[in-house]
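Work through the exercises below with the sequence and the coordinates open. Each task is followed by a solution in steps.

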Amino acid sequence: PAHPCLPFGLVLNLATPMRRLTLAFCGCGSRARTYAGIAAEMPDRFALVAGADPVEGRVEFIRGKSDRPADFQGFASAEAMFAAGKPADVVIIGTQDAQHRDHAIRAMELGCDLLLEKPIANRLEDVLAVQAAARRLGRRVVVCHVLRYTPFYAQVESLLRSGVVGEIVTANFIEGVQPWHQAHSFVRGHWANESKSSPMILAKSCHDMDLLAWLINRPCLAVSSHGALTQFTAAHAPAGAPARCTDGCPVASQCPYDAHRYAQPGGRRWLGMVYDRAKEATDEEIFTWLRTSPWGRCAFRCDNDVVDHQVLALKFTGEVTATFTMTAFDDGRQLEIFGTKGVLRGGAFVKKHLGCDLVFTPHGWNQTAEKITVETPTGGYAGHGGGDAGLMATLHAELTGADASALRTSLEVSIQSHRMAFAAETSRKEGRTVVIETSAG
């Protein structure tokens, strides 16, 4: 029978017992804990055996998901876990962007396959170093481009491959990061400074670069890009606003970024990604934590330098073109794909105003637009439109299958979108169109 988490009608063969893959978690933050929770619901496929994080409570959270907690090995650092020898069949790399290269290569050297959180690394030379190590060591690496595993984008890809749109001529994609998300993650948070993390186009929008590469299904030849940080700067700080919201801001009640909002139900969801007691803490405990935390700072008085808006113009083989917009000031992803037979539109705007997920409009007179609704998982695993569950549901088959080249989001596949992102950032900084070497491995 079909497993409820398996996407796209994939059916398990229950007659043949499958080998459980052991999982170790290198970094036990929000993303790793999400994958751990899903994997724990698949005990026939996965065993959670180890975790490493400097925050002990995060390691203990994953231990609590293991079906053999007494045998679960916890470590205070990735280095300590790797020093103890091969930790598992598969290591889930969920550390910060700048650490991905070293942690990925070390795990592969110990004989582990990887589930590697995106981006692969925060510099192109490090991405290529991970690729070289995987090739040399013969390891399988699945990159967490979870949107490919969502029912929504699977439907888009299926429609495009069916030919209903005809030949793709051009496309327009938009990612609305959402203002609070921008402030939380890219102003106050881990990805605020390019030198410490990654450029915005890589840290946030390499999902979108991957979707463009996958759906257009052609090599990208050149990228031109513009963008800047304009809103989240000291020049836009309200009059009298102190360095921290907790210092008493005269406009706190009107400010959409007031850190005290973290104590509200919607704010606690975001707070839980960086403060482990977010659910059970009292408001006063949260306010106390915010007084010394980066997330208590005024959103206009931080040390952030990544852009809050960026546009790209991309050229693919066959004279196919695309545009992409990343903006802090919208919410949700949107797409328009223009083909020789019709136009496919979908995403947040279509859902809000038309009540469906996709609309296909064929060319010609007296043609009727077709509305398409895509079923998306609900409940605990609805994150990323069901992509988190979709990824974990197919991970076992991808890492144990006979054909290592069949991985949906393999390292080799994912490098193209990373090249697009790095080219876009070079273009933005240098004010020129950047040509991508399509022959590069």
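Two strands count as paired if DSSP finds at least two bridges between them. The model used throughout is predicted.

**Exercise 1. Find the strands that pair with S8, and give a bridge partner in each.**

Step 1. Take strand S8, residues 220–228, and strand S9, residues 309–316: eight bridges join them, and they run antiparallel. Within this pairing, Gly 227 stands opposite Gln 310 of S9.

Step 2. S8 is also joined to strand S15, residues 434–435, by two bridges, again in the antiparallel sense. Two bridges meet the cut-off of at least two. Here Val 223 has Val 434 of S15 as its bridge partner.

**Exercise 2. Establish the strand order of the six-stranded open sheet and describe its surroundings.**

Step 1. The order is S3-S2-S1-S4-S5-S6, with parallel pairing. The edges are S3 (73–75) and S6 (141–143), each of which pairs on one side only. On average, neighbouring strands are turned by 20 degrees against each other, direction ignored.

Step 2. Look at one pairing inside the sheet. S1 (residues 21–26) and S4 (residues 90–93) are linked by four bridges in the parallel sense, and Phe 25 stands opposite Ile 92 in S4.

Step 3. Add the helix. H2, residues 56–65, lies across S1, S2 (46–52) and S3, and its direction makes an angle of about 165 degrees with S2.

**Exercise 3. Decide whether H9 is covered or open, and relate the helix to the largest nonpolar core.**

Step 1. Count buried residues, using the cut-off of under 20% relative accessible area. In H9 (residues 206–216), 11 of 11 residues are buried. Among them are polar or charged positions such as His 207, Asp 208 and Asp 210, as well as Trp 214.

Step 2. Turn to the core. It has 78 residues, and Leu 212 and Leu 314 touch the most other members. H9 gives the most to this core, with eight residues. A second, separate core has 29 residues, including Ala 36, Ala 39, Val 90 and Cys 144.

Step 3. List contacts of Leu 314 beyond four places in sequence: they include Leu 212, Val 223, Val 320, Phe 324 and Met 420. In soluble globular proteins, nonpolar side chains tend to be buried together.

Step 4. Check the end of the helix. Just after H9, Asn 217 takes a positive phi of about 60 degrees.

**Exercise 4. Test the length of H14 and place Ser 427.**

Step 1. At 1.5 Å a residue, the 20 residues of H14 should span 28 Å, and the end C-alpha atoms are 28 Å apart, so the two values agree. Gly 431 follows H14 and has a positive phi, near 65 degrees.

Step 2. Ser 427 is found in H14, residues 411–430. Its relative accessible area is 1%, so Ser 427 is buried. Beyond four places in sequence, Ser 427 touches Val 223, Ser 224, Ser 225, Arg 432, Thr 433 and Val 434.

**Exercise 5. Judge the overall compactness of the protein.**

Step 1. The protein has 14 helices and 15 strands. Its radius of gyration is 22 Å, close to the 22 Å that the globule rule gives for 441 residues, so the protein is as compact as a globular protein of that length.

Step 2. Along the principal axes, the C-alpha atoms fill a box of roughly 65 × 65 × 40 Å. Buried residues account for 52% of the 441 residues.

Step 3. Of the contacts between residues at least 6 apart in sequence, 71% join residues at least 24 apart.

Notes
Residues numbered from 1 in each chain as written. Predicted model: local features only at pLDDT ≥ 70, side-chain atom pairs only at ≥ 80, totals over all residues. Heavy atoms only, no water. Buried < 20%, exposed > 50% of the residue type's maximum accessible area, 1.4 Å probe, protein only. Axes fitted to C-alpha atoms, helices over the stretch in contact; angles between N-to-C directions. Contact = heavy atoms within 4.5 Å. Core = buried A, V, L, I, M, F, W, Y, C linked by side-chain atoms within 4.5 Å. Expected span 1.5 Å × (residues − 1). Rg over C-alpha atoms; globule rule 2.2 N^0.38 Å.
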